Amino acid sequence: MDLLPIGQFARLSRLSVKQLRHYAELGLLTPAHVDEDSGYRYYHPSQARQALSIGLLRSLDVPLAVIGQVLSGTAGALGHVRDDLEAELQRRRRTLASLERLMREGLPAARVVEVEVPSLLVAVTAEQAAGDLDIGRATSACVARLVATWATGVTGAQEGTQDPGRTGEAGERGPELIGLFPVELAEPCTVEVALVTGAPVAGAIPRVLQGGRFAQVTHVGPYDQIALTSHALLSWCAERGHPVSGPIREVYASDPGRTPPDQLITHIQIPLEERPC
């Protein structure tokens with residue numbers, strides 16, 4: 001059997017011995033043979049294809065779990081990788097365009113208004129974000145869980161097994177979602193998303209979102225650019241001496257599945273406390 005020791009195979013596949021041992025532990029790339037006495041690991045030259053594939057996928061920051069799906073031939077796995085990379089490329093292009101605009105034109109102006117918001121019965125799910133760069137992923141995870149539950153409820157309503165007040169085709173009226181974010185972005189931090197509903201939601205915590213007077217600004221554009229509009233709202237509060245207690249709310253007024261990123265509408269809200277006289 002024409003086998004290569006782990007060191008030689010590592011050089012051949014442009015991976016380190018440590019990486020090969022790690023991938024073996026995960027089941028991504030197991031040695032062709034392990035000597036029972038010495039524990040030495042050996043690989044077949046044909047395994048270089050798999051090793052190089054892992055290296056290329058890791059260079060694209062593809063998660064190891066997804067790499068496992070690609071290597072196992074899971075249907076659509078490589079296509080999902082391509083879609084995720086395209087989406088990330090678009091996000092980076094939008095970020096670069098925003099940076100160029102910020103450097104050229106300065107801080108964006110946004111119209112802030114004071115609004116009265118009613119108290120809402122909601123179901124809340126939470127996700128921990130490792131830091132500010134992980135907030136988008138955490139928010140998406142919360143939204144995915146709530147939307148899946150909402151879609152199930154709509155289907156059940158059509159079959160007469162859920163709330164009879166919910167009618168129409170699934171997707172005609174999207175779920176009402178509100179993101180809840182801490183004022184101070186610690187590492188890690190907890191992100192919450194609320195689904196406006198009076199019915200119990202599996203896996204979510206029922207809560208009442210208190211109403212009252214809020215400062216609000218409307219962001220039109222991709223979610224990953226909301227920070228620029230939020231800055232205008234926080235500056236408005238600071239200039240007028242309004243303490244910011246949070247959580248900062250993002251009311252998603254558009255369906256991202258049907259709305260182009262540059263046309264998404266999000267209302268950002270901060271509760272206003274009564275200032276001492």
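Leaving aside its neighbours within four places in sequence, which residues is Glu 176 in contact with? Keep that in mind while setting up the view; the model is a predicted one.

**Stop 1: Glu 176**

Select Glu 176, in the loop that runs between helix H6 (135-158) and strand E6 (177-181). Its contacts, once neighbours within four places in sequence are set aside, are Ala 194, Leu 195 and Val 196. Show the surface here: the relative accessible area of Glu 176 is 49%, and exposed would require over 50%, so the residue counts as partly exposed. Next add Val 122 to the selection. Val 122 and Glu 176 are 54 residues apart along the chain, and their C-alpha atoms are separated by 9.5 Å.

**Stop 2: the sheet**

Switch to a cartoon view and colour the strands. Eight strands form an open sheet in the order E4-E9-E11-E10-E6-E7-E5-E8, and the pairing is antiparallel. Select strand E4 (112-117) and then strand E8 (205-209), which stand at the edges. Each of these two has a single partner strand, so one side of each lacks a neighbour in the sheet. On average, neighbouring strands of this sheet are turned by 35° against each other, direction ignored.

**Stop 3: from E4 through E9 to E11**

Stay at the E4 end and select E4 together with E9. These two strands run antiparallel and are joined by six bridges. One place to zoom in is Val 113, whose bridge partner in E9 is Gln 216.

Now keep Gln 216 selected and look across to E11, where its bridge partner is Gln 269. Gln 216 is thus a place to view both pairings: with Val 113 and with Gln 269. Move on to Val 217, which has Ile 268 of E11 as its bridge partner. Widen the selection to residues 212-220 for strand E9 and residues 265-271 for strand E11; seven bridges join these antiparallel strands.

**Stop 4: helices H3 and H4**

Leave the sheet and select helix H3 (residues 48-59) with helix H4 (residues 64-71). The two pack at an angle of about 140°, and their axes are 10 Å apart. That angle makes H3 oblique to H4. The crossing of H3 past H4 is right-handed.

Show side chains for the residues that make the contact. From H3 these are Gln 50, Ser 53, Ile 54, Leu 57 and Arg 58, and from H4 they are Leu 64, Ile 67, Val 70 and Leu 71. Colour them by class: the contact of H3 with H4 has six nonpolar, two polar and one charged residues.

Definitions and conventions:
Residues numbered from 1 in each chain as written. Predicted model: local features only at pLDDT ≥ 70, side-chain atom pairs only at ≥ 80, totals over all residues. Heavy atoms only, no water. Pairing = 2+ DSSP bridges. Helix = DSSP H or I, 4+ residues; strand = E, 2+ residues; numbered from the N terminus. Axes fitted to C-alpha atoms, helices over the stretch in contact; angles between N-to-C directions. Parallel < 35°, antiparallel > 145°, perpendicular 65-115°, else oblique. Left-handed = near helix turned anticlockwise from the far one by under 90°. Contact = heavy atoms within 4.5 Å. Nonpolar A, V, L, I, M, F, W, Y, C, P; charged D, E, K, R; others polar. Buried < 20%, exposed > 50% of the residue type's maximum accessible area, 1.4 Å probe, protein only.
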